[in-house]
Amino acid sequence: MPQQNTTSTSVFEQAYWQIAAVDSACLPSIDERINNKTKPLGALGQLEDLARQLAQIQHPAPKESKPIEINRPVMLVFAADHGIAAHNISIAPPEVTQQMVLNFLNGGAAINCFSSTLGWKMKVIDAGMLSPIDQIARASASDMLIEQPMGTGTADFSTQAAMTQDQAEQALLMGAKVAKEQITQGSNVLAFGEMGIGNTSSASALLSLICGLSPERTTGKGTGISDDQLANKVQLITDALERVKNTHGTKAFTPQTALAEVGGFEIAQIIGAMLASAQAGKSILVDGFIVSVAALFATRIAPKAQDYMLFAHCSAEHAHQQVLAQLDARPLLSLGLRLGEGTGAALALPLLQAAASFYNDMASFESAGVTV
Ligand SMILES: O=C(O)c1ccc[n+]([C@@H]2O[C@H](COP(=O)([O-])O)[C@@H](O)[C@H]2O)c1
Ligand SMILES: Cc1cc2nc[nH]c2cc1C
């Protein structure tokens, strides 16, 4: 059931989330620990930045030098359908969203392979697909599946608002609930993935609205559509932006308005889950283009949430670079992936573990008797 916001503060306001910035007072002791490891200064490159950020998130007290822990890493894959998918803007029809969710529940997708190989717990969240999961699949996958649909897919945003403002609000609360449950179970690293035929259209429109970028710059081929389909996708997003400007004027769009007009149920729930993770002081591992747009929205609601975000990879969807630039984020991997599902985030877990391992266990110059 949707939670009630008992305060008068909206979930789209920073004050609702009360996210503490990570404290830079702890940096000197963290840097001292990293710099005294038996290596030339900076020689572990981006792994040093990763260790620094993980240590800063986990040990804000200035003088403490405690190990980094990666506990019960959990992959949360949010799935939903999109009304815009009726316009042939994907290689696949909308039914494929649910077919792929069933594939997740049966353990057969790329994200299952990576999660089981690398040690992720995996949860699949139905945030609003065209039809509910049938009882047999539900019964056989009760441990992996979380059902909290906001409806049977969003409305077609090229002609009307994707969802109501109230749904956008409820979606944030429902996403937050999932993150809180996983944190209660002991997770301190939460990764985010998604599945939704048509959701690159939604992510592109959201990016255009919130950053004032033209649809040509924010729109790409998603699952691999043709040039003609891409031209149609750009036109549909252009029409949607025109519709939204006619409805709300040309003023800057708030995250809530943008989400309600052109968002997706899975994207909105991810935003809420990220904000709750940051609120609880846990690390957020961001996957590809769609999840990064959700991360951008989370930071537009509560800028301090970014302190807790680690960017796993750079997707082949070219607008992902625009999102990363907006966030001034440097991703860990660049493998040309454009699958989604959380696959890029899953693959980054060994890097987090390696960063923790050198930070925790590598000898210092003093302890090893190495004199440089
Ligand atoms: O994560 C990415 O960067 C990414 C880039 C392109 C496509 N996807 C996946 O493909 C689906 C959306 O693509 P489309 O063409 O249907 O909009 C959705 O299920 C995503 O998981 C994901
Ligand atoms: C087959 C398929 C698998 C996916 N996984 C994430 N998005 C997807 C889109 C399609 C079409």
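**Exercise 1. Overall fold**

Task: State how many helices and strands the protein chain contains, and determine how its radius of gyration relates to the globule rule.

Solution. In this predicted model, the secondary structure of the protein chain amounts to 17 helices and six strands. The next step is the radius of gyration, which is 21 Å. For 372 residues the globule rule gives 21 Å, so the chain is as compact as a globular protein of that length. The C-alpha trace extends over about 70 × 50 × 45 Å along the principal axes of the chain.

**Exercise 2. Burial and contacts**

Task: Find what percentage of the residues in the protein chain is buried, and what percentage of the contacts between residues at least 6 apart in sequence joins residues at least 24 apart.

Solution. Of the 372 residues in the protein chain, 52% are buried. Turning to contacts between residues at least 6 apart in sequence, 78% of them link residues at least 24 apart. A single pair shows positions far apart in sequence: Ala 15 and Ala 302 are separated by 287 residues in sequence, while their C-alpha atoms are 8.1 Å apart in space. Ala 15 belongs to helix H1, residues 14-17. Ala 15 has 9 other C-beta atoms within 10 Å; the limit for an exposed residue is 12 or fewer, and therefore Ala 15 is exposed.

**Exercise 3. Two residues in one loop**

Task: For Asp 328 and Glu 341, decide whether each is buried or exposed.

Solution. First, locate the residues. Asp 328 lies in the loop between helix H14 (320-326) and helix H15 (343-347), and Glu 341 is also placed in the loop between H14 and H15. Second, consider the backbone. Most residues other than glycine have a negative phi. Asp 328, however, has a positive phi of about 50°, and Glu 341 has a positive phi of about 70°. Third, count the neighbours. Asp 328 has 7 other C-beta atoms within 10 Å and is therefore exposed. Glu 341 has 27 C-beta neighbours inside 10 Å; the threshold for burial is 20 or more, so Glu 341 counts as buried.

**Exercise 4. The surroundings of ligand 1**

Task: Determine how many residues surround ligand 1 and which element supplies the largest share of the shell.

Solution. Ligand 1 is surrounded by 22 residues, the closest being Ser 90, Gly 222, Gly 288, Ser 315 and Gly 340. Strand E4 (189-195), helix H8 (199-211) and helix H13 (289-301) each contribute at least two residues to the shell. The largest share, three residues, comes from H8. By residue class, the shell around ligand 1 comprises five nonpolar, 12 polar and five charged residues.

Conventions: Residues are numbered from 1 along each chain as its sequence is written. Chains are lettered from A and ligands numbered from 1 in the order in which they are written. This is a predicted model: local features need pLDDT of at least 70, side-chain atom pairs count only at pLDDT 80 or more; totals for chains, interfaces and linings use all residues. Helices (H or I, at least four residues) and strands (E, at least two) are DSSP runs, numbered from the N terminus. The radius of gyration is taken over C-alpha atoms; the globule rule is 2.2 Å times the number of residues to the power 0.38. Two residues are in contact if their C-beta atoms, placed from the backbone, lie within 7 Å. A residue is near a molecule or strand if its C-beta atom, placed from the backbone, lies within 6 Å of it. Ala, Val, Leu, Ile, Met, Phe, Trp, Tyr, Cys and Pro count as nonpolar, Asp, Glu, Lys and Arg as charged, and the others, Gly among them, as polar.
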